[in-house]
Amino acid sequence: MGTQSTPDLSTQAPSLSLSTVAVIGLGTMGTGIAEVLARAGREVIGIDTDEAAARHAVSALESATARAVQRERLTERERQDALARFRTFTDLQAAADADLVIEVVPEDYELKRQVFAELDAVVRPDTILATGTNALSVTRLAADSQRPERVLGVHFFNPAPAMKLVEVVSSVLTAPTAVAAVTELARDLGKDPIAVGDRPGFVADGLLFGYLNQAAAMYESKYATREDIDAAMRLGCGLPMGPLALLDLIGVDTARTVLEAMYTESQDRLHAPAPILGQLAEAGLTGRKAGRGFYTYEAPGSPTVVPDAESPASADELAAGRTVTGVGVAGSGTMASGIAEVFAKAGYKVVLAARSLEKAEKAKARIAKSLGRSVDKGRMSAETRDTALAAITPAGSLDAFADVDLAVEAVAEDLAVKQELFRTLDKVCKPGAVLATTTSSLPVVACARATSRPQDVIGMHFFNPAPAMKLVEVVRTVLTADDVHATVRSVCTKVRKHPVDCGDRAGFIVNALLFPYLNNAIKMVEEHYATLDDIDAAMKLGGGYPMGPFELLDVVGLDVSLAIEKVLHAEFRDPGLAPSPLLEHLVAAGCLGRKTGRGFREYARR
């Protein structure tokens, strides 16, 4: 579907040559930008009032280019040429000959305004001034400058040499020629530039920091541990880092500054900084750079996490569980057959029960195909496949669950259907059997109350496809017995899954953090701030996401996404969680994503 956006101005005006670039502020980001520029053939003027920072920048460039030579990405001659193109100074007067100046001083408006005011008196009239901010107003900096038409934002991502995304930020005052020149430069540097308008966070951080804030609030409420929150998002969404570890890397104080700016503009409670961010920042516990933030590190600046008072107990300190040898799986769909496959491969005897024996046998046939693919790819022997298949007994009735130690339901996401099934399990299953639901959005306690043994009921939220996805959200209700919880955690480990604990509330961990982020991406398109393609590119290139939000929405299904967002909104009553009207309109029109051939994008019919 088409949307409006900040236009790509790179084709609308002749560009300027930017052969000499000054970088002001030689911290981690400034040094990284300088390296990118020098290696791409630009003359680079590095400026920092701290002589030690300037010396460190030169040393960092020497080390980085030496590694590039070792890896055969540069020749020694190219390395020497790049080093010769980088000169450092402690005075802004050194920027006098620059075609472009990029400031990456700390995120303080008055400091940046002062830098720009001094540059006005130093640089040529045609020099472009760029701010590296991701939180402060580019428009305000431009308006306070003597050359507002030459001021824009250029937001690199850390580490600048490795990250492909560059957001080129124009205000209503920026000349198209300036945008075109910087966009062309970004492409020459081997980056993927996207054009965006001026608002806090722009695209990537605008979506990322709301998600990080929600994760901090989830941790602060003691809903889940920091380890479980981070593991859930890495394993459930394929993210390179968990949100709390990422906050420590970014800097808790930096995140708080960005969120304050976002909240000032949006007044959306999802952007109001979680109090824990302020508490940590005020205490100087700002993350890796301080040696402690959400986690504790070996030393300031070290990436190595060390145990502290919050580190989880070892496995032998947990409560003892019940013995499980036989497992019943109720359902005949993709999730049910995937879960049955997981248990059978781990050596459990599995009863796969559906509404008819024919449906159960079809589900077993689906498992046979899946195991066959594993054999074909060399991941499993034919003997192991045959053993796993022999462990699965199809059944046309839940009566076959009479002797199982663990019953897992994976039927339709309909509370009435699940409650009826649990009433049947209550009658059929032996005393002491653990009864589990795989719901992703319904209250587990409502299933538990349908039985006479709510202490035996727990949530086991597998992710699709179950054989491949490592995560299981283990959902305790206020009635779940300790040994039932211990049993399920132990079983998850035996089937080679990673269990994370969470309470019985809408979305659990993953969906409660994922879907507000997806909803906010849709709102960006609704507001014509950016295109689908730019937003997807920003999150993959700038955030390391395996899929962009609109790719993911179309895969999940827009109807499924809308249902989850409605559940989250109903549970938490936060206006910021209200589903986007655009999502509701697409679902009403029958545009549900890949499964219907059209969602946010159109797909070829199979």
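## Local environments and helix packing in a predicted model

I24 is in contact with I47, L92, V101, I102, E103, V104, V105, V115 and L119, when residues up to four places away in sequence are not counted. The model described here is predicted. I24 itself lies in strand β1, which covers residues 20–24. With a relative accessibility of 5%, under the 20% cut-off, I24 counts as buried. A long-range separation can also be given for this residue: R379 is 355 residues away along the chain, and the C-alpha atoms of I24 and R379 are 53 Å apart.

**Helix α8**

Helix α8 comprises residues 226–237, and its 12 residues should span 16 Å at 1.5 Å a residue; the end C-alpha atoms are 16 Å apart, so the expected and computed spans agree. This helix is mostly covered, since 9 of its 12 residues are buried. The buried positions of α8 are R226, D228, I229, D230, A231, A232, M233, G236 and C237. Elements that cover them include the helices α7 (204–220), α9 (243–250) and α18 (510–526), together with the strands β15 (471–476) and β16 (498–503). After α8 comes G238, with a positive phi near 70 degrees.

**Helices α19 and α20**

Helix α19 (residues 532–543) packs with helix α20 (residues 549–556) at an angle of about 100 degrees, and the two axes are 7 Å apart. An angle of 65 to 115 degrees counts as roughly perpendicular, and α19 and α20 are therefore roughly perpendicular to each other. On the α19 side the residues that meet α20 are L532, I535, D536, M539 and K540, while α20 contributes P549, F550 and E551. By class, this contact has 5 nonpolar, no polar and 3 charged residues.

The dimensions of α19 are close to expectation: its 12 residues reach 16 Å from the first C-alpha to the last, against the 16 Å expected at 1.5 Å a residue. L532, D534, I535, D536, A538, M539 and G542 are the buried residues of α19. Their cover includes the strands β7 (165–170) and β8 (192–197), as well as the helices α7, α18 and α20. Just after α19, G544 has a positive phi of about 75 degrees.

Within this helix, D536 may be examined individually. D536 is located in α19 and has a relative accessible area of 2%, which means that it is buried. Leaving out residues up to four places away in sequence, D536 touches G548, P549, F550, E551 and R601. Of these partners, P549, F550 and E551 belong to the α20 side of the helix contact.

**L277 and G293**

L277 is placed in helix α11. Its relative accessibility is 0%, so L277 counts as buried. Beyond its neighbours within four places in sequence, L277 is in contact with N213, A216, L247, V252, R256, L259 and F294. L247, one of these partners, is 30 residues from L277 in sequence, and the two C-alpha atoms are 9.4 Å apart.

G293 occupies the loop between α11 (275–282) and β9 (326–330). With neighbours within four places in sequence set aside, G293 contacts D248, L280, L285 and G287. A82 is 211 residues from G293 along the chain, and their C-alpha atoms are separated by 37 Å.

**Cysteines and buried positions**

A disulfide is a covalent bond between the sulfur atoms of two cysteines. How many disulfides does a search of the whole structure find? The search finds 0. C429 is in no disulfide, and the nearest cysteine sulfur, that of C447, is 14 Å away. For comparison, the disulfide cut-off requires the pair of cysteine sulfur atoms to be within 2.5 Å. C429 is also buried, as is C591. The table collects the relative accessibilities of selected buried residues.

| Residue | Relative accessibility |
|---|---|
| C429 | 5% |
| C591 | 10% |
| G293 | 8% |
| D536 | 2% |
| I24 | 5% |
| L277 | 0% |

How values were computed. Residues numbered from 1 in each chain as written. Predicted model: local features only at pLDDT ≥ 70, side-chain atom pairs only at ≥ 80, totals over all residues. Heavy atoms only, no water. Buried < 20%, exposed > 50% of the residue type's maximum accessible area, 1.4 Å probe, protein only. Helix = DSSP H or I, 4+ residues; strand = E, 2+ residues; numbered from the N terminus. Expected span 1.5 Å × (residues − 1). Contact = heavy atoms within 4.5 Å. Axes fitted to C-alpha atoms, helices over the stretch in contact; angles between N-to-C directions. Parallel < 35°, antiparallel > 145°, perpendicular 65-115°, else oblique. Nonpolar A, V, L, I, M, F, W, Y, C, P; charged D, E, K, R; others polar.
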